[in-house]
Amino acid sequence: MQYIKFLGTAGARFVMIKQLRASGGIWFCLGGNNFIADPGPGALVRALKSRPRLNPSELDFIFLSHKHLDHSCDINLMIEAMTNGGFNRKGTVYAPGDALSGDPVIFRYILKYPEKIEVLKEGGVYNTGGLSFKVPVRHRHSVETYGFKMECQGLPAIAYLPDTGYFEGLTEGYAGSEILIINTVIYEKLDGLGHLSLPDAEKIIKAIKPKKAILTHFGITMLKNRIWEKGEEISARTGTDVVIAGDGMRLDLDPEDSKG
Ligand SMILES: [Zn+2]
């Protein structure tokens, strides 16, 4: 079975610190690989409490888009869990350079646990366990930030577009994505925050035309405006099936050849 499971849908500081939504990141089970993107606060607990339970010792790799706490808080824990407390050296951690040096979010002693640490670079292509993903473009955020576009045999192209301010060139980077996950933090357009608003996300969806777009990582204005009720109207406006993620939501992916 292949799927994407949202262990949290909280975006930015206030929704995270009040835990109005959970903040455990996104678990992917694709092509025989298990990986988590952005294990924020509670990722370990949310994985273990999932039904069916997700076992972090079965992780093959961890993708960190950027060092902010709502994305990285549990990364040390998840590396320990992936490597059985450091006794089973395995797996890869993909992270931007500034998450690893200067004011790092991964402890130095933990860095020795995974088999490999890969520093993400704009335009980089990474191959692991039969999956291939590209990091198309550096995002406009207050720290070094990257998303990915992933190809997996028999599955649609899946992209994760994490925190960024909108800029020309952003949509080109993710063109061709068929399932597009967008961190959409704010409800109304507000420039200069380094976050996407709902109108930005709609503009991106209209340009890329994925089969399905999933909005997640909600800030307080998204919750105040009851974003969970707006999937249908956003779908109608954009012409794409737009799903508003909820905590614990799982999107099952059938291999394309089994759809007939
Ligand atoms: Zn951030």
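**Close-up views of a predicted model**

**View 1. The loop between α4 and β5 (92–96) holds Asn 84.** The model shown here and in the views that follow is predicted. Asn 84 comes after helix α4, and its phi is positive, near 50 degrees. The residue has this positive value although it is not a glycine. Most residues other than glycine have a negative phi. With a relative accessible area of 48%, Asn 84 is partly exposed, because the value falls short of the 50% that an exposed residue must exceed.

**View 2. Helix α4 (residues 75–82) is mostly covered.** Of the 8 residues in α4, 6 are buried. These buried residues are Ile 75, Asn 76, Met 78, Ile 79, Ala 81 and Met 82. An α-helix has 3.6 residues a turn, so residues three or four places apart point the same way. Beyond the helix, the chain continues to Asn 84 with its positive phi.

**View 3. Four protein donors surround the zinc ion: His 66 (NE2), His 68 (ND1), His 141 (NE2) and Asp 163 (OD).** They lie 2.1 to 2.7 Å from the ion. Along the chain, the donors follow the spacing H-x1-H-x72-H-x21-D. The angles among the 4 donor atoms run from 89 to 176 degrees, and the site is irregular. Ideal angles for four tetrahedral donors are 109.5 degrees. Two of the histidine donors can be described by their accessibility: His 66 is buried, with a relative accessible area of 0%, whereas His 68 is partly exposed at 24%.

**View 4. Strand β11 (residues 179–183) is mostly covered, with 5 of its 5 residues buried.** Ile 179, Ile 181 and Asn 183 point one way from the strand, while Leu 180 and Ile 182 point the other way. In a regular strand the side chains alternate between the two faces of the sheet. The residues pointing either way from β11 are all buried.

**View 5. Strand β11 pairs in the parallel sense with β10 (residues 158–161) and runs parallel to β12 (residues 212–216).** The pairing of β10 with β11 extends over 4 bridges, and Ala 159 has Leu 180 of β11 as its bridge partner. Strands β11 and β12 are joined by 5 bridges, and Ile 181 stands opposite Ile 214 in β12. From β11 the chain crosses through helix α7 (residues 198–208) to β12 in a right-handed β-α-β crossover.

**View 6. The peptide bond from Arg 51 to Pro 52 is cis.** Its omega is near -10 degrees. Pro 52 belongs to the loop between α2 (43–49) and β4 (61–63). Most peptide bonds are trans.

**View 7. Arg 226 is placed in the loop between α8 (220–224) and α9 (231–238).** Phi of Arg 226 is near 50 degrees, a positive value in a residue other than glycine. Arg 226 is partly exposed, with a relative accessible area of 40%.

**View 8. The setting of the close-ups is a protein with 9 helices and 14 strands.** Its radius of gyration is 17 Å, close to the 18 Å given by the globule rule for 260 residues, so the protein is as compact as a globular protein of that length. The C-alpha trace spans about 50 × 45 × 35 Å along its principal axes. Of the 260 residues, 58% count as buried. Among contacts between residues at least 6 apart in sequence, 64% join residues at least 24 apart.

How values were computed:
Residues are numbered from 1 along each chain as its sequence is written. This is a predicted model: local features need pLDDT of at least 70, side-chain atom pairs count only at pLDDT 80 or more; totals for chains, interfaces and linings use all residues. Side-chain values use heavy atoms; hydrogens and water are left out. Buried means under 20% relative accessible area, exposed over 50%, partly exposed in between (1.4 Å probe, protein chains only). Helices (H or I, at least four residues) and strands (E, at least two) are DSSP runs, numbered from the N terminus. Two strands pair if DSSP finds at least two bridges between them. A crossover is right-handed if, with the strands pointing away from the viewer, the path from the first strand over the helix to the second runs clockwise. Donors are N, O and S atoms within 2.8 Å of the metal (3.2 Å for Na, K and Ca); water is not among the atoms, so sites may look incomplete. Four donors count as tetrahedral if all angles lie between 85 and 135 degrees; four count as square planar and six as octahedral if opposite donors are over 155 degrees apart and all others between 65 and 115; anything else is irregular. The radius of gyration is taken over C-alpha atoms; the globule rule is 2.2 Å times the number of residues to the power 0.38. Contact means heavy atoms within 4.5 Å.
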